[in-house]
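Let's walk through this one together, one question at a time. Have the sequence and the model open as we go.

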Amino acid sequence: MDFYTNPLSPNCRKVDAVAKHLGLELDTKLIDVRKGEHRTPAYLAINPNGMIPTLVDGDLVLWESNAIQCYLASKTDNDLWPKSNLRYDIMKWQAWELAHFGAATRAITFQRIVKPILGLGVADEARCKEEEDNVKRYGAVLDAALKGKRFLCNDQLTLADFCVASTLAFAEHARFPIGDFTNIRRWLATLDEQPAWRASNPPM
């Protein structure tokens with residue numbers, strides 16, 4: 001399986017962590033966004049969105065990190081993607097991350113980390129403040145869901161944990177306002193006990 005990725009991408013991390021946890025071998029194809037490799041004709045031929053990650057497994061080409069997570073987890077019997085109604089709870093959190101919490105954290109990460117790396121100017125702090133309010137709003141939802149639990153779904157490690165936690169990869173560097181969310185901080189510390197999660201940590 002060819003995995004088009006960049007270690008600085010939180011969306012790529014959520015896939016990488018799943019593969020490492022399940023012991024799946026991926027043929028890593030590094031995409032250097034700073035050089036515009038995500039916009040080359042060759043890459044756009046497999047992912048016309050010009051985004052990462054992308055997974056190619058034979059004739060199957062998958063975009064979207066959450067779909068790739070599910071596909072990899074379907075390769076083996078495992079607790080990350082159990083064959084039960086728990087899958088729908090996992091999918092709920094994947095959708096929530098994509099539409100709400102992750103949308104806010106990615107916007108801040110773009111302003112405070114990605115723009116300087118790509119030479120796109122200084123961060124728009126007014127935009128960051130707006131998204132910080134969303135991080136607090138949805139962070140409160142996540143913090144409440146984690147009360148008294150080690151993991152999000154049925155208190156067992158699943159794709160939902162890797163999915164939602166990936167968006168917090170740059171929480172310190174991007175200055176996300178999550179310091180008051182004690183359950184989130186405890187949950188992240190619990191995830192750091194997972195070897196696959198630690199191994200997928202971005203190099204920053």
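Q: Is Cys70 buried or exposed?
A: A quick note to start: this is a predicted model, so to speak, where local features need pLDDT of at least 70, side-chain atom pairs count only at pLDDT 80 or more, and totals for chains, interfaces and linings use all residues. Residues are numbered from 1 along each chain as its sequence is written, and side-chain values use heavy atoms, with hydrogens and water left out. On the scale used here, buried means under 20% relative accessible area, exposed over 50%, and partly exposed in between, with a 1.4 Å probe and protein chains only. Cys70 has a relative accessible area of 16%, which makes this residue buried.

Q: How many disulfides does the count come to?
A: A disulfide is a covalent bond between the sulfur atoms of two cysteines. The rule here asks for a pair of cysteine sulfur atoms within 2.5 Å. By that rule, the count comes to zero.

Q: Why is Cys70 not bonded to Cys163?
A: Cys163 holds the cysteine sulfur closest to that of Cys70. That is still too far for a bond, because the separation is 8.7 Å.

Q: What about Cys12, and how far away is the nearest cysteine sulfur?
A: Cys12 is buried too, with a relative accessible area of 1%. This residue is in no disulfide. The nearest cysteine sulfur belongs to Cys163, at 13 Å.

Q: Which strand runs parallel to β1?
A: Helices (H or I, at least four residues) and strands (E, at least two) are DSSP runs, numbered from the N terminus, and two strands pair if DSSP finds at least two bridges between them. Here β1 (residues 2-5) has four bridges to a parallel strand at residues 27-30. Phe3 stands opposite Thr28 in that pairing. The parallel strand is β2.

Q: What is the hand of the β-α-β unit made by β1, α1 and β2?
A: Picture the strands pointing away from you: a crossover is right-handed if the path from the first strand over the helix to the second runs clockwise. The unit of β1, α1 and β2 comes out right-handed.

Q: Which residue in β3 is the bridge partner of Tyr4?
A: β1 also joins β3, in the antiparallel sense, through three bridges. In that pairing, Tyr4 has as its partner Thr54.

Q: Which residue takes a positive phi in the hairpin of β3 and β4?
A: Strands β3 (residues 54-57) and β4 (residues 60-63) pair antiparallel over four bridges, and Val56 is matched with Val61 there. The hairpin has two residues between the strands, and one residue takes a phi near 65 degrees. That residue counts as exposed, at 60% relative accessibility. It is Gly58.

Q: Where is Glu64, a residue other than glycine with a positive phi?
A: Phi of Glu64 is near 70 degrees. Glu64 is partly exposed, with a relative accessible area of 46%. Its place is in the loop between β4 and α3 (65-73).

Q: What is the phi of Asp155?
A: Asp155 sits in the loop between α5 (125-145) and α6 (159-166). At a relative accessible area of 37%, Asp155 is partly exposed. Though not a glycine, Asp155 has a positive phi of about 55 degrees.

Q: Which residue does a cis peptide bond join to Pro53?
A: Pro53 is in the loop between α2 (41-44) and β3. Omega for the cis bond is about 5 degrees. The partner is Ile52.

Q: Which element gives the most to the lining of the largest pocket?
A: Pockets are found on a 1 Å grid over the protein atoms alone, as open sets of points where a 1.4 Å probe fits, with protein on both sides within 12 Å along at least five of seven lines; lining residues have an atom within 4 Å of a point. Grid points are joined across faces, edges and corners, and a volume is the space filled by probe spheres set on the points. The largest pocket has a volume of about 810 Å³, and the elements giving two or more residues to its lining are α1 (10-22) and α4 (86-118). With seven residues, the top contributor is α4.

Q: How many residues of the lining of the second largest pocket are nonpolar?
A: About 340 Å³ of space lies in the second largest pocket, and among the residues closest to its centre are Arg13 and Asp192. For the classes, Ala, Val, Leu, Ile, Met, Phe, Trp, Tyr, Cys and Pro count as nonpolar, Asp, Glu, Lys and Arg as charged, and the others, Gly among them, as polar. The lining has two polar residues and four charged ones, and the nonpolar residues number 10.
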